[in-house]
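User: Please walk me through this model before I set anything up. I'll throw questions at you as we go.

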Amino acid sequence: MIEKEKIFQEIDEIIRSIDQFKSSLFEGELHKRQNKLFSPFLNDDEVLKKLSYLIAYSQNANSELVEQVLKTGKFDEAFRSFKIDEVVKLNPCDIAEIHWTSIQGIRQQAKLFHIVSLARKIEKIGSFSETLNNNQIPKTINSENDIIQFWTGFDQLLKILKTNKIPFFQSTTSLLHLLLDIGYDCVKPDLVVMKVAKKLNIVDSVAGDKNFRKTVRFIQEYSISRKIRPSVVDFYFLIDEGQMGAKKFVTEDFYR
């Protein structure tokens, strides 16, 4: 317990340090993360769009470049606004030939194949939005019991995704990314977050499912202790380690 509180205090210090170098964009992003509410999926088209956006950001793609691509609307255009009955008919090779120049910020053409495969899988399952909405994961975490229930529900949902062979979302990291994005109290344990976790001695290595889960759970425990959202802690971790998309939230002096 003493060691845990020591690390809690080190996270406090990271937050205090970053707070001295806020840019004009900082408070808006902080407020958005602290106040984000769970947003259920309305239909399977919406599920496909959300998962496709997460695929675009995956595999160490430059988050800033991906954000620029998504803002142009070209990604939506390439996938027919994510209408499942249209996407299932698409050929990934044709998408690459016609659209790659305008969406290459997502980094890998293989993602085009994964998205079309995902659409076909969702169409085959049917009512996939209900499966994602009706899980046993607490929408917010306020106690140790909530954390226990989070991971119980998480493993149940992950098993469903694996059983149905949902492309790209059969791993701890990808599912956590999805849950974070729709408003659950967790973080995505990507390389940037894991580097901070290793620096703080939360884990011994940046790799491995056991370390990913340990990091996320530790952040959840810290969040309960300090009464802030895990997504806010994630925000500070991304800034601390200099993620490309997070650097704009502090002044240049921070990294000097």
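**Packing, pockets and odd backbone angles**

Analyst: Let's start with Phe75: setting aside residues within four places in sequence, Phe75 is in contact with Ser52, Tyr53, Ala56, Val69, Leu70, Phe82, Ile103, Ile106 and Ile115. Contact here means heavy atoms within 4.5 Å.

User: Before we go on, what are the ground rules?

Analyst: This is a predicted model, where local features need pLDDT of at least 70 and side-chain atom pairs count only at pLDDT 80 or more, while totals for chains, interfaces and linings use all residues. Residues are numbered from 1 along each chain as its sequence is written, and side-chain values use heavy atoms, with hydrogens and water left out.

User: Ok. Which residues touch the most other members of the largest nonpolar core?

Analyst: Phe75 and Phe79 do, in a core of 85 residues. A nonpolar core is a set of buried Ala, Val, Leu, Ile, Met, Phe, Trp, Tyr and Cys residues joined through side-chain atoms within 4.5 Å. Buried means under 20% relative accessible area, exposed over 50%, and partly exposed in between, using a 1.4 Å probe and protein chains only.

User: Phe82 was on that Phe75 contact list. Where is Phe82?

Analyst: Phe82 is in the loop between helix 5 and helix 6. Helices (H or I, at least four residues) are DSSP runs numbered from the N terminus. Phe82 counts as buried because its relative accessibility is 0%. Its phi is near 65°, a positive value in a residue other than glycine.

User: Why flag a positive phi at all?

Analyst: Because most residues other than glycine have a negative phi.

User: Which other residue in that loop has a positive phi, and is it buried or exposed?

Analyst: Arg80, with phi near 50°. Arg80 is in the loop between helix 5 (74–78) and helix 6 (84–87), and neither word fits, because at 43% relative accessibility Arg80 counts as partly exposed.

User: Switching topic. How covered is helix 11?

Analyst: Mostly: nine of the ten residues in helix 11 (residues 172–181) are buried. Those are Thr172, Thr173, Ser174, Leu175, Leu176, His177, Leu178, Leu179 and Leu180. They pack against helix 3 (44–57), helix 9 (128–133), helix 10 (144–163), helix 13 (209–226) and helix 14. After helix 11 comes Gly183, with a positive phi near 105°.

User: A histidine in there, so I'll have to pick a protonation state. What does His177 touch?

Analyst: Leu54, Tyr57 and Lys188, not counting residues up to four places away in sequence. His177 is classed as buried because its relative accessible area is 14%.

User: And helix 12, what does that pack against?

Analyst: The buried residues of helix 12 pack against helix 1 (2–19), helix 13 and helix 14. In helix 12 (residues 191–199), the buried ones are Val192, Val193, Met194, Val196 and Ala197. Just after helix 12, Asn201 takes a positive phi of about 65°.

User: How many disulfides are there?

Analyst: Zero, searching the whole structure for pairs of cysteine sulfur atoms within 2.5 Å. Two cysteines sit at opposite labels: Cys186 is buried because its relative accessible area is 0%, while Cys93 counts as exposed because its relative accessibility is 58%.

User: What touches Cys186?

Analyst: Ser231 is one contact, and Ser231 also touches Arg33, Leu180 and Val187, leaving aside its neighbours within four places in sequence. Ser231 is in helix 14 (residues 230–240) and is buried because its relative accessible area is 10%.

User: Now pockets. How big is the second largest one?

Analyst: About 160 Å³. A pocket is worked out on a 1 Å grid over the protein atoms alone: an open set of points where a 1.4 Å probe fits, with protein on both sides within 12 Å along at least five of seven lines, and lining residues have an atom within 4 Å of a point. Grid points are joined across faces, edges and corners, and the volume is the space filled by probe spheres set on the points.

User: What lines it?

Analyst: Gln34, Thr140, Ile141, Asn142, Asp185, Ser223, Ile224, Lys227, Ile228, Arg229 and Pro230. By class that's four nonpolar, four polar and three charged residues. Ala, Val, Leu, Ile, Met, Phe, Trp, Tyr, Cys and Pro count as nonpolar, Asp, Glu, Lys and Arg as charged, and the others, Gly among them, as polar.

User: Last one: what does Ala246 touch?

Analyst: Leu238 and Ile239, not counting residues up to four places away in sequence. Ala246 is in the segment after helix 14, and counts as buried because its relative accessibility is 3%.

Terms used
Helices (H or I, at least four residues) and strands (E, at least two) are DSSP runs, numbered from the N terminus.
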